[in-house]
Amino acid sequence: MIKHLGIIGDWVIGYYLEFGIWVLGIGRWRVAVLTPDERERYSRQIMIEEIGSEGQERLKRSRVVIAGAGGLGCSIAPWLAAAGIGTIRIIDHDEVELSNLNRQILHWQEDIGKKKVDSAGSKVRRLNPEIRVETIAESITEKNASSLVHGYEAIVDAMDNLSTRYILNRCAIEKNIPFFHGAVQGFEGRVMTILPGKTACLRCLYRGPGPEGKFPVIGVTPAVIGSIQATEVIKYLLGFGQLLTHRMLMYDGLEAIFTEFAVNRNPDCDHCGTLAD
Ligand SMILES: [Zn+2]
């Protein structure tokens, strides 16, 4: 019904409900009716037929975790914020260093020494004050992963090491939360979307430890890969388009080529093998 009342109706009902909820003390829950400012802010994407006001309201209700505020996280977070994802949680334990600035585009010279989540969080909030940005300055471990992502509907992999990716992959499968994998090195990157129990997971593809420590990378690579991950998240939340499931998209920036290969579920996978299709 609200949909048919027009902008004024939305505005009145939206603020009335927000006020009521505030009075009731349920501050965390935000009404997903768009305000006039939000209608204007998102007007160009509301014009996209598949999104419309309903889709935009869906994004406003969405809750997404970004695991990592490095190169990938700094590319993913602003796009999800700009698109109007209602709640974004950014997790990273690290502090900004000079050598991060070639690629971690939310961290600037003045941020050196600050917590990455503080630096990234403040930029994203300034980009879009309409959304809620939560920051957690912790390392992701087997012990805390589950509680860090509890109550969220998408986990974006913006890590820089395989061991933490495994923790997130297992956690996503156990909690049945879609997992959006991305990785970069040099001029190359890869992306895959994982729907627990339905599509191949990261562990179906990789076994054993990956290389740890510093690796070469130029900033444009996480810019490309992070944008694709953010696109996947938006498509998933809105329920349209073709997700990067059962296939890994590979990007070679030097050759300027995208290729993809099929990834099948491994029935012996120690993370997802016991889940039914
Ligand atoms: Zn698996």
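Let me start with helix H10, residues 220-238, which in this predicted model lies across strands E1, E4, E5, E6 and E7. Taken by residue number, E1 covers 63-67 and E4 covers 154-157. The helix runs at about 170 degrees to E5.

H10 also has a helical neighbour. The axes of H10 and helix H5, residues 71-83, come within 8 Å and cross at roughly 40 degrees. That angle makes H5 oblique to H10. The crossing in which H5 passes H10 is right-handed. Which residues meet there? On the H5 side they are Gly 71, Leu 72, Ser 75, Ile 76, Trp 79, Leu 80 and Ala 83. Their counterparts in H10 are Pro 222, Ala 223, Ile 225, Gly 226, Ser 227, Gln 229, Ala 230, Val 233 and Ile 234. Sorted by class, this contact of H5 with H10 comprises eleven nonpolar residues, five polar ones and no charged ones.

A second helix deserves mention alongside the sheet. Helix H6, residues 116-127, lies across strand E2, residues 87-91, and strand E3. Its direction is at about 175 degrees to E3.

I now turn to the sheet itself. It is an open sheet of eight strands, with the order E3-E2-E1-E4-E5-E6-E7-E8 and mixed pairing. At the edges stand E3, residues 132-136, and E8, residues 257-262, each of which pairs on one side only. From one strand to the next, the twist averages 15 degrees. As a general reminder, strands of a sheet pair through backbone hydrogen bonds, in either a parallel or an antiparallel sense.

Let us follow the sheet from E5 to E8. Strand E5, residues 179-185, pairs with E6 in the antiparallel sense over seven bridges. One example joins Phe 180 to its bridge partner in E6, Thr 193. The hairpin of E5 and E6 has two residues between the strands, and Gly 186 takes a positive phi near 60 degrees in this hairpin.

Is strand E6 mostly buried or mostly exposed? E6, residues 188-194, is mostly covered, with six of its seven residues buried. On its other pairing, E6 joins strand E7, residues 247-252, in the antiparallel sense over four bridges. Within that pairing, Gly 189 has Tyr 251 of E7 as its bridge partner, and Arg 190 has Met 250 of E7.

Tyr 251 leads us onward, since this residue also stands opposite Phe 258 in E8. E7 and E8 pair in the antiparallel sense over six bridges. Another of the partnerships here links Arg 247 with Ala 262 in E8. The hairpin of E7 and E8 has four residues between the strands, and Ala 256 takes a positive phi near 55 degrees there.

Finally, I place these elements within the whole chain. How many helices and strands does the chain have? There are ten helices and eight strands. Of the 277 residues in the chain, 40% are buried. Among contacts with a separation of 6 or more, 67% come from residues 24 or more positions apart.

To close, I return to strand E6, which pairs with E5 over seven bridges and with E7 over four. H10, the helix with which I began, lies across these three strands, among others.

Methods:
Residues are numbered from 1 along each chain as its sequence is written. This is a predicted model: local features need pLDDT of at least 70, side-chain atom pairs count only at pLDDT 80 or more; totals for chains, interfaces and linings use all residues. A residue is buried if 20 or more other C-beta atoms lie within 10 Å of its own, exposed if 12 or fewer, and partly exposed in between; C-beta atoms are placed from the backbone. Two strands pair if DSSP finds at least two bridges between them. Two residues are in contact if their C-beta atoms, placed from the backbone, lie within 7 Å. Axes are lines fitted to C-alpha atoms, for helices over the stretch in contact, and angles run from 0 to 180 degrees between N-to-C directions. Angles under 35 degrees count as roughly parallel, over 145 as roughly antiparallel, 65 to 115 as roughly perpendicular and the rest as oblique. A crossing is left-handed if the near helix is turned anticlockwise from the far one by less than a right angle, and right-handed if clockwise. Ala, Val, Leu, Ile, Met, Phe, Trp, Tyr, Cys and Pro count as nonpolar, Asp, Glu, Lys and Arg as charged, and the others, Gly among them, as polar.
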